[in-house]
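Hi there,

Here is the structure I promised to pass on. Have a look at it first, and then read my notes underneath.

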Number of protein chains: 2
Amino acid sequence: MKKVKVFAPGTVANIGCGFDVMGLTLDGVGDVVAVTLYDDKDEFDRHASASGNAFVSTACTVSVKNNSKEKLPETAAKNVVTPAVSAMAEAFLEKSGSKEALYMEIEIIDKIRPGSGIGSSAASSAAAVYALNHLLGHPFSEVKLVDFAMEGERLISGTAHADNVGPAILGGIVFIRGYNPTDLIKLPVPDDFYCTVVHPHITVSTKEARDILPANVSRKDAIRQWGNVGGFVAGLLLDDMELLGRSVEDVIAEPYRKKFIPGYDALKSRLLEAGMLGVNIAGSGPSVFALSKSADMAEKGRKIMASHFSDQGVGFETYLTQIGMTGARIV
Amino acid sequence: MKKVKVFAPGTVANIGCGFDVMGLTLDGVGDVVAVTLYDDKDEFDRHASASGNAFVSTACTVSVKNNSKEKLPETAAKNVVTPAVSAMAEAFLEKSGSKEALYMEIEIIDKIRPGSGIGSSAASSAAAVYALNHLLGHPFSEVKLVDFAMEGERLISGTAHADNVGPAILGGIVFIRGYNPTDLIKLPVPDDFYCTVVHPHITVSTKEARDILPANVSRKDAIRQWGNVGGFVAGLLLDDMELLGRSVEDVIAEPYRKKFIPGYDALKSRLLEAGMLGVNIAGSGPSVFALSKSADMAEKGRKIMASHFSDQGVGFETYLTQIGMTGARIV
């Protein structure tokens, strides 16, 4: 029996323009997950305290114990960590030539509130695969871990995207050029680059936020979007914060998803008028993020966000962080 | 009466993934255009040799004289240079507060073959506005010149895009984040970066090549495209030629436009197998370009292109250049 505890950070996917291809890492907010790997079925049966909800396949048996304050699915099969570690177990058996299934228990200790839009599910999946890779003696690269963690995203949203799990594992700002194989680029992060996030307590599932989007976009909108994607990447690499700010524009998802967020347009205007570099919806929402280039400005953004949702009578919490330079890590 | 002669280079728009947002500058191939600015109508009437085809507006009178080997429209109003210099004349009168219309003759001296797909119309428009700006004492910035030259693009394609006129004026590799206002970024050009182009003698008008494209694209294709746009920009800025090469992929225009080019798929495969970084259609075609990182490799590409179109029984010419670092210039 071996056990390790891992922290994986919250993340902001899309960052305005980069739908499904880009995400940044928050600092100091995230999930803590412990993974226990048992020597065999017998040890699992004797020690795993949540074995009653276990998921069983030929490659692994996984039980999930929720010790966080959040409500999570009751069976292991419905928790995002399970398809992630299960994909990893299959790959591990194939790689090692072993036929012995893996027996493990995953304990969710601290949890970003689900449905926040700052990569709650990604943080759990990322932490779980990072922990299991450590317990197995690091058979897989970090990029490969992203592939496994994406299976958790597939479970909750129907699509295996890497814009949250990428940064949750690698840290910093991650760009995903494409899939099959997953082609990740870690982009440089400017000094003094802050992200303020407000999570209004509104329930929007990732799937609901995805289903509201039309399957097709006009070529004109698509061109505008990829102009901004290139502008954002160039802004980061040229350390041109104004260019980066101008590029935080989304004509694909924001027009649809903003309906879920009370007073979104007014909030965005106030934040931009106050000098934020860029403002948009975090991932599929309902959280809203603002980028800024000083701690003072970020704090100004936080106050505007707080007063906005107080006025709306909507509960919320705020996060104010620099970009986290490390992703998943042992704690 | 003042006269100046300007060269403006040929350009490759889109560069595979960056439909309407990106273009590179060829070296040593382009248009030469002379602009004569007369003191008044009387001088124009006495000296302008093509005054019979003139375009007349409240801001300017423009005659166009074609001394190149190519066939061009017979009236000034139908030549791309005219809307370009006309937009500039209007802006100049407004800026200077003058009410005196400008009288000019534009002589097309050397001309990239029209319909080649390497920015033939853009080179003429770029040269004309660059020349007129010089004769007027440089009232406008280069970025503003791009706006004027785009009016030439609007005349022939129905859309005022900057992916050819941008590099034709500024040189290098130009990225267009967006329009209104035109937001141009000059990206760094790696050392030892070559572009080989083959122009098969097939007639495809820019408008025809645009009309074949569907007005809408699937969100999935759009995401793939902007993943590649970001990858290309990051590849250039990180000097990662492999990443840049992987990003030269187009799911928006190439699937439709390749039908105009005999044996396109076979040609592309041969070029990629020979080690080109990326291969795609130049602008709206029918020219095909290949990027490579050595002169030897570029020459290898040129030979493959030549043998391909010889086998197809299609006339062609090839160009092999490094990326041109300067755009329009006085000669």
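Below is what I found where the two chains meet.

Please keep in mind that this is a predicted model. Chain A and chain B each bring residues to the contact: 36 from chain A and 36 from chain B. Between them they bury about 2800 Å², with 68% of that on carbon and sulfur atoms. On the chain A side, the residues that lose the most area to chain B are Arg177(A), Arg219(A) and Trp226(A), which together account for 30% of what that side buries.

As for polar links, 16 residue pairs are in polar contact across the interface of chain A and chain B, counting pairs with both residues at pLDDT 80 or more. Two salt bridges are counted between the chains. In one salt bridge, the side chain of Arg246(A) meets that of Asp183(B), at 2.7 Å from N to O.

Which parts of chain A supply at least two residues each to the side that touches chain B? They are strand 6 (173-178), strand 7 (183-187), strand 9 (216-218), helix 7 (219-237) and helix 8 (241-246). Helix 7 of chain A gives the most, with 14 residues. Sorted by class, that side of chain A has 20 nonpolar, nine polar and seven charged residues.

One more thing to look for on your screen: strand 9 of chain A and strand 9 of chain B (residues 216-218) run antiparallel and are joined by three bridges. Within this pairing, Ser218(A) has Asn216(B) as its bridge partner.

Best wishes

Technical notes. Residues are numbered from 1 along each chain as its sequence is written. Chains are lettered from A and ligands numbered from 1 in the order in which they are written. This is a predicted model: local features need pLDDT of at least 70, side-chain atom pairs count only at pLDDT 80 or more; totals for chains, interfaces and linings use all residues. Side-chain values use heavy atoms; hydrogens and water are left out. Contact means heavy atoms within 4.5 Å. Buried area is the accessible area (1.4 Å probe) that two parts lose on being put together, summed over both. A salt bridge is a side-chain nitrogen of Lys or Arg within 4 Å of a carboxyl oxygen of Asp or Glu. A polar contact is a pair of N or O atoms within 3.5 Å; within protein, one must be able to donate a hydrogen and the other to accept it, and residues adjacent in sequence count only if both atoms are side-chain atoms. Helices (H or I, at least four residues) and strands (E, at least two) are DSSP runs, numbered from the N terminus. Ala, Val, Leu, Ile, Met, Phe, Trp, Tyr, Cys and Pro count as nonpolar, Asp, Glu, Lys and Arg as charged, and the others, Gly among them, as polar. Two strands pair if DSSP finds at least two bridges between them.
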